Amino acid sequence: MVGRSFACRHVAPALAASALVAGLGAAPARALEPSPVATRLDAALASSRLDLVEWRRHLHQHPELGNREIETAKFVAERLRSFGLAPRTGVARTGVVAVIEGGRPGPVVALRADMDALPVTEEVDLPFASKATATWEGKTVGVMHACGHDTHVAMLLDAAKALASVRKDLPGKILLVFQPAEESVPVEEQPAGAELMLKEGAFDDPKPDVVFGLHVFAQLRSGVLGYRSGPFMAAADRFEIVVQGRQTHGSKPWAGIDPIVVGSEIVTALQTVVSRTVDVTREPAVVTVGQFDAGVRNNIIPDRARLVGTIRTFDDAMRTDIHARVRRIAEGVAAAHGTTVRVEIQGGYPVTKNDPALTQRMLPTLERVAPGQVRELTKVTGAEDFSFFANRVPGLFVMVGVTPADRMATAASNHSPLFYVDEAALPTGSRTLVQLAADYLFANAR
């Protein structure tokens, strides 16, 4: 979860596909029947449970940052070939796609997993804990699957193996998408991830009718599935504010312009954007400064300060208004101190929206996968580039709980060096992907 890019596109294809979903599955009172292969798929998943855990542990121990998932992609491609599939590699630099061809005509379902890890040093005491390091923005950093993408890859591999085992009986096709760089990459490497996969034709041949994805979530108990119809995860934009100061000796502040003081006032003033100018009863929003860089010595007032942060929104008009307010506040504070600022705001991942018709249609499947354990969630201010896929065709993105009941009160969140996954929850994710795909194919068979 994180992000960059721009607003919704491909409106016409998305609307056409949405109409297909609504037309074929709009009867909310009639529950989807289990697919004819549901029992066989469950048996296939049960037989590969040890593989699922083994794959996850290997990936967890060998994490790679975005656009650098070289060994991860090799690992994925090798296993897909062992299932009798013909993966295409190098999509969006390190992405992998493959198609499971059904035995008769039907719709196309895309299943997506993201592969990259984070620049986080692991602090979880596991025999397969990551010891990896890499370079990130010029610094040597630890690398960890602190957001759980190792589990996503393992679960999609598990699902692919099960679905491939019944391919002759499937109507239609399943497009497997193993995506790099969800956690974003340096500015000079953008576009990347889902956006670049689409630009390079990942959804062109075959073109999916729908896309399903999932994400493990520390704030849900193991085995629980969370969803939300409509806007689910926030748009994420990055801003950078560079304050121009005038360097002087620390003992003579009156001889210069202190960019640290100016920057500090900007940080404080930015807190009023959400707290005093946004109608948070309508939609939540977040403005956070995450970096403040300035100075090299205790007795030198530097000539510049750099602030970097994130903006999270769920509404396009609110998003535009907050951008303008951030710029106006930074420029106004700087002017009051007799100096200037440079403000850059980069549009990031769009809002992740679950197609309402598709969500309603597939809820019975989720209930069969996790009886009595399906929860409607509040909006999540994290961001996801699954949004690009779900803007191209109707999408459904589901959260999978991975925290044991006795750890819920103290569970570290995703992106923490203490992020922990209960491996007993992984089969729920695999089964979610498998049964969503099979139920949709059979319900919409041509």
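Start by selecting residues 316-336, helix α8, which lies across strands β10, β12, β14 and β15 and runs at about 165 degrees to β15. Helices here are DSSP runs of H or I with at least four residues, strands are runs of E with at least two, and both are numbered from the N terminus. Angles run from 0 to 180 degrees between N-to-C directions, with axes fitted to C-alpha atoms, for helices over the stretch in contact.

Before moving on, note that this is a predicted model, in which local features need pLDDT of at least 70 and side-chain atom pairs pLDDT 80 or more, while totals for chains, interfaces and linings use all residues. Residues are numbered from 1 along each chain as its sequence is written, and side-chain values use heavy atoms, without hydrogens and water.

Now show the sheet under α8. Its four strands follow the order β12-β14-β10-β15, open and antiparallel; two strands pair if DSSP finds at least two bridges between them. β12 (286-294) and β15 (341-346) stand at the edges with a single partner strand each, so one side of each has no neighbour in the sheet. From one strand to the next, the twist averages 15 degrees.

Zoom in on β10 (residues 235-244), which is joined to β15 by six bridges. Where is Arg238? Opposite Gln346 in β15. Next, add residues 259-277: this is helix α7, which packs on the sheet and touches β10, β12, β14 (304-313) and β15. Contact means heavy atoms within 4.5 Å.

For a smaller stop, select β4 (residues 133-136) and β5 (residues 139-142), an antiparallel pair with four bridges. Thr133 stands opposite Gly142. Two residues separate the strands of this hairpin, and Glu137 in the turn has a positive phi of about 50 degrees.

Then go to α3 (residues 49-61) and α4 (residues 70-82), whose axes come within 11 Å and cross at roughly 160 degrees. That makes the two helices roughly antiparallel, a word used for angles over 145 degrees. Display Trp55, His58 and Leu59 of α3 with Thr72, Phe75 and Arg79 of α4 to see the contact.

Keep Trp55 on screen and add Phe83, one of the six aromatic pairs in the structure. Rings of Phe, Tyr and Trp (its six-membered ring) pair if their centres lie within 6.5 Å; planes under 30 degrees apart are stacked, over 60 edge-to-face and the rest tilted. Here the centres are 6.2 Å apart and the planes at 50 degrees, so the pair is tilted. Phe83 lies in the loop between α4 and β1 (88-91), so the pair ties together parts 28 residues apart in sequence.

Note on methods:
Angles under 35 degrees count as roughly parallel, over 145 as roughly antiparallel, 65 to 115 as roughly perpendicular and the rest as oblique.
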